[in-house]
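Biologist: Could you pick one strand in this model and walk me through its surroundings? After that, I'd like a quick tour of the other chain too.

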Amino acid sequence: MSLLQVKDLVTEFKTDQGVVRALRGISFDIKAGETVGLVGESGCGKSVSARSIMRLIPNPPGKISEGEIIFDGKDVLKMSEKEMRAIRGNKISMIFQDPMTSLNPVLRIDYQLEEVLALHQPNLSKAERRQVALDMMKKVKIPSPEQRLREYPHQLSGGMRQRVMIAIALACRPTLLLADEPTTALDVTVQAQILNLMAELREDIGTAILLITHDLGVVAEVCDRVMVMYLGEVVESGPVEQIFANPQHPYTISLMKSIPKITASRKSGERLDTIRGVVPSLHNVPKGCSFRERCDFAKEVCDTDHPELKETTNGTCYRCFFPQGQS
Amino acid sequence: MSVLAKWRESRAVRKFMRDKAAIASLVVIGAYTLIFLWTVFTNLDADHVNSKKPQELSWLQQYTKDTGEAHASPSGKYWLGTDRLGRDITKRVLVSVNVAFKIGLVTAFIACFIGLIMGGLAGYFGGWVDLVITWIYSVFSSIPYIVLLLLIAAIFRESDGLTGLYVAFGVSFWIGPARVVRGEIMKLKELEYVQAAIAMGNSRIVVLFKHVIPNTMHLIFVYFSLLFIGAIKSEVILTFLGLGVKGMPSWGLMISDAKAEITSGIWGQMLGASLALFVLVYAFNIFTDALQDALDPKHQ
């Protein structure tokens, strides 16, 4: 039984130019303890997916209009706000992209770390909370934790702030962690440290992780499964080894090809591979396959018919009439 | 590090201390504050007569009693001379600090408090809450200031000196901070730490008070300083119009009295009251600017 089951989720936003469907019916599962990557270009709906799971979509102008989100057996979309608050930070946690702005600049670190404990574990005494906070700081490997606890966010570096965010997110031992581009704003060496940290904590606490990123390298490092999104839909998903070894959907293939390779020859004239065209606007979703305009393998049927998600025998699925993988 | 040491080291304080004019202004304000405290502790603010012994003058009246030398010229004995009732002008100037500070502090406090709450709710919740609150302050700020004060003065004309003024100023001065706080909060609520606070399970209203409002305090401090002198200056104008303080000496009262004396060449009261007012307001202006520079997060 999966920890999280998202079924046909539709999230829409009212804009000046009409209603826009940021999520056009996505479905996926996350099992307990597994790490699932969610990749795609900016604007494809990755963050909206995570926020929909936590019901953090601002109500004007957004709305989760269709679908189900079953977490631990219960439909999140049918819960009251009070029930939701008991889950947020406690059973499902989220960490955000920019560590510079994710912590409140005028409050001390210990206050912010203990806040989540005070909210969800009221039976702890102040001293016990302080101890848990200290333990979490040690778990995320922050040096001199006692001193850091008494400091303010501006006194910490970006990498340390992200560690604090992770500490806050994991303090109540959630079963699911939604990580929205946690390493995008960090430099590469710090990125590696944070990813290692997350892998260790996963072992330690057993949290399932939904890792949202646009960096395929990160996915290859850390994830068990991966889902590729395009224009509000899942276009391919499956175990990481399968998807990387044998991608089916033209978009996935192009994404893999466009990763700059360190072994590429440095002859002049050799260019990076890109995907021609631009992502269509959500205001004007094309009929048929949304990737049609940019696809080298599209045929007539792709203009008129919208492909459904097709499952294969090895646990992957793709949304394409003419998949281009090796069979 | 002790709390005091850390505070001294903080960026805002260090920046403030580098500004010589700012330090001078702080010294001046400190001097006035000491005078204020002196008037409070020596009960110089109680102008009422002791009801049990009506013949006995209150300490205030004794301190500024008729010396029998009305309109004496400034001299070694009376530095600024005496007024038409023979009261020592210098002493009255000092005692007026009491009224000035009371008006300043209470008004600034009430206005900042109301402004913070109203601006906070309007900016954070938007929608109809915002509509109602902005409608309220638009209406209030459109009523001619004098008319509003006349109305309130009329309502409070029976009660003692200052309540009417507190209400009048409180009701008109909260609009400034409210507008500014509302704007700042509309910006702040989109920041990630607000999202993060909600994502950890806080209710929205708790997030407003625990996380968002503390980040507007730098604006409130500056407004407090501005409203402090705004109130003092307004009191002068109102008293001049006959709507202000009664029964206690204030600079407004002194300037108002002095306008008749000036034509006879008697300048002591006008100079004393105006100068005292000017120095305080000027010091506060410098202080406010320095405060703003020191607290401005963009000057990192």
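Modeller: Sure, and one cut-off first: a residue counts as buried if 20 or more other C-beta atoms lie within 10 Å of its own, with the C-beta atoms placed from the backbone. Keep in mind that this is a predicted model.

With that cut-off in hand, take strand β3 of chain A, residues 35-39. Buried residues account for 5 of its 5 positions, so β3(A) is largely enclosed by the rest of the structure. How do the two faces of β3(A) compare, covered or not? Both are covered. T35(A), G37(A) and V39(A) sit on one side and are buried, and V36(A) and L38(A), on the other side, are buried as well. The general background is that side chains in a regular strand alternate between the two faces of the sheet.

Now for the strands it pairs with. β3(A) runs parallel to strand β8 of chain A, residues 208-213, and 5 bridges join the two. In that pairing, L38(A) is opposite I212(A) of β8(A). β3(A) also pairs with strand β9 of chain A, residues 225-230, again in the parallel sense, this time over 4 bridges. There, V36(A) faces R225(A) of β9(A) across the pairing.

Over to chain B, where the secondary structure is 14 helices and 0 strands. Of its 300 residues, 41% are buried. Among contacts in chain B with a separation of 6 or more, 63% come from residues 24 or more positions apart.

For one helix pair in there, look at α3(B), residues 20-41, and α5(B), residues 89-125. Their axes are 8 Å apart and the packing angle is about 95 degrees. That angle makes α3(B) roughly perpendicular to α5(B). On the α3(B) side the contact is made by Y32(B), I35(B), F36(B), T39(B) and V40(B), and on the α5(B) side by L94(B), V95(B), V97(B), N98(B) and F101(B). By class, that contact has 8 nonpolar, 2 polar and no charged residues.

Finally, the place where the chains meet. Chain A puts 20 residues into the contact and chain B puts in 14. On the chain B side, helix α10(B), residues 192-199, gives the most, with 6 residues. The side of chain B that touches chain A divides into 7 nonpolar, 6 polar and 1 charged.

Conventions: Residues numbered from 1 in each chain as written. Chains lettered and ligands numbered in written order. Predicted model: local features only at pLDDT ≥ 70, side-chain atom pairs only at ≥ 80, totals over all residues. Buried ≥ 20, exposed ≤ 12 C-beta atoms within 10 Å, placed from the backbone. Pairing = 2+ DSSP bridges. Axes fitted to C-alpha atoms, helices over the stretch in contact; angles between N-to-C directions. Parallel < 35°, antiparallel > 145°, perpendicular 65-115°, else oblique. Contact = placed C-beta atoms within 7 Å. Nonpolar A, V, L, I, M, F, W, Y, C, P; charged D, E, K, R; others polar.
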